[in-house]
2 protein chains.
Amino acid sequence: MYEVFQKYLEDKTTLTQSESDYIQSFAIIKKLRKRQYLLQEGDIWKYDAFITKGCLRTYSVDEKGSEHVNSFSIENWWTGDRESLMFQQPSRFNIDAIEDSELVLFTHENFEMLCNEIPAFNNMVNAILQKSFIAAQNRIQASLSFTAEEKYLNFIAKYPGFASRIPQTMIASYLGMTPETLSRIRKQTAKK
Amino acid sequence: MYEVFQKYLEDKTTLTQSESDYIQSFAIIKKLRKRQYLLQEGDIWKYDAFITKGCLRTYSVDEKGSEHVNSFSIENWWTGDRESLMFQQPSRFNIDAIEDSELVLFTHENFEMLCNEIPAFNNMVNAILQKSFIAAQNRIQASLSFTAEEKYLNFIAKYPGFASRIPQTMIASYLGMTPETLSRIRKQTAKK
DNA sequence: GCAGACTCTTGATCTATATCAAGTTTTTAC
DNA sequence: GTAAAAACTTGATATAGATCAAGAGTCTGC
């Protein structure tokens, strides 16, 4: 499955053959079964992780025991906990696989070294971060100004295909509503 | 007021005198009166902006005409619209001054050039972006899992000093609640 | 292929927060 | 310094969405 990542790199940046090979030499392939954890609350996250296949979710559990889905990540996206990584502190999140998945991991040490040695790689990484930040801003925006129905419609417009892969309960949690509410919204919008 | 930015740079990174001077040579000083816009909806944002004095707010207006405060930024922080900047598209946001303010602006062209020419500067900029992303994630987290009261308490704990500078109406909007609700929460929590 | 466990749906009821309205206090502008 | 405009408070009422509960579908493991 490393080809998926290689293709992604070709798409997003321009590397010489030797740079590309060099990057590959640090890659760690990781397979996850459905339900398997990539990261558990309390662990310190130490990688940069790219998904070549499957679908993962990042969520936290509050004091009342309710789960809150922070994000979904599918093939050709990155995942992990930047806060835990940056400050080397125990994570407040869990990341697990919604489907059988495959990832390409780099230890953060190696990843930073690659960023320093290969400017094109560094630029790509920064561009991704910028886009992630913009996406986060837009999500905040949506959570402040949208009704439950608008949130759902915005979600399926923005991430078509997700709705069919991910259980509704998790989507509801991601959107900040109960599964019952989402079920009713889906019923209503189906009518129209 | 440029000294404030200079001090910030010294704090966050290590530059030679000539690098520091070089950066300064591209700086544009901008003063804003209270209520004055830095950016209006529909404009294309073209700068990287650092606040040396004062307080600004970024907000959007929805179809019903309600304002939604996206963020506050004070001295020693950055502001702007990354989405408009990155894609050179009309902004959905307004940014205006809550207090008389002063900023250091760089055109994005110059800013990128500085990033390319001065690695230490580039690293600093990336670190800021990382932290901004982490803050955005935490805010999403809060908006999903906190009650109105918890959101307010979290806000004043995280940004002490903001509450006294910023009108409650705007804080309420930032937290995703009505001014009336915030007023009642403040009354309750004052009692305790 | 079946039992148990999830997941989704639907209905009844409840509740946190919104909305509307009016009064009070603070700020702004001349 | 004063009048008008904003900002904040408080009360009464409304409502979107939560919670509780029970039944119907679907998946999963042996």
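**Exercises on a predicted two-chain model**

In chain A, four strands form an open sheet in the order E2-E7-E4-E5, paired in the antiparallel sense. The model is a predicted one, in which local features need pLDDT of at least 70 and side-chain atom pairs count only at pLDDT 80 or more, while totals for chains, interfaces and linings use all residues. Residues are numbered from 1 along each chain as its sequence is written, chains are lettered from A in the order in which they are written, and side-chain values use heavy atoms, without hydrogens and water.

**Exercise 1.** Find which strands stand at the edges of this sheet, and explain why one side of each has no neighbour.

*Solution.* Begin with the terms: strands are DSSP runs (E, at least two residues), as helices are (H or I, at least four), numbered from the N terminus, and two strands pair if DSSP finds at least two bridges between them. Next, look at the ends of the order: E2 (37-39) and E5 (67-74) of chain A each have a single partner strand, so one side of each is left without a neighbour in the sheet. Finally, turn to an inner pair, where E4 (residues 55-61) and E7 (residues 94-97) of chain A are joined by four antiparallel bridges, with A:Leu56 standing opposite A:Ala97.

**Exercise 2.** Describe how chain B meets chain A, and find which element of chain B gives the most residues to the side that touches chain A.

*Solution.* Count the contacts (heavy atoms within 4.5 Å): 34 residues of chain B touch 34 residues of chain A. Then take the buried area, which is the accessible area (1.4 Å probe) that two parts lose on being put together, summed over both; here the two chains bury about 3,200 Å², with 59% of it on carbon and sulfur atoms. B:Phe133, B:Gln141 and B:Leu144 supply 19% of the area that chain B buries against chain A, more than any other three residues. The element sought is H5(B), with 18 residues, and helix H5 (residues 119-145) of chain B lies across E4 and E5 of chain A.

**Exercise 3.** Work out which parts of chain A are tied together by the pair A:Lys31 and A:Glu102.

*Solution.* A salt bridge requires a side-chain nitrogen of Lys or Arg within 4 Å of a carboxyl oxygen of Asp or Glu, and A:Lys31 and A:Glu102 form one at 3.9 Å, N to O. A:Lys31 lies in strand E1 (residues 28-32) and A:Glu102 in strand E8 (residues 101-107) of chain A, so the pair ties together parts that are 71 residues apart in sequence. Over all chains there are 12 salt bridges, whereas between chain B and chain A the count is zero.

How values were computed:
Axes are lines fitted to C-alpha atoms, for helices over the stretch in contact, and angles run from 0 to 180 degrees between N-to-C directions.
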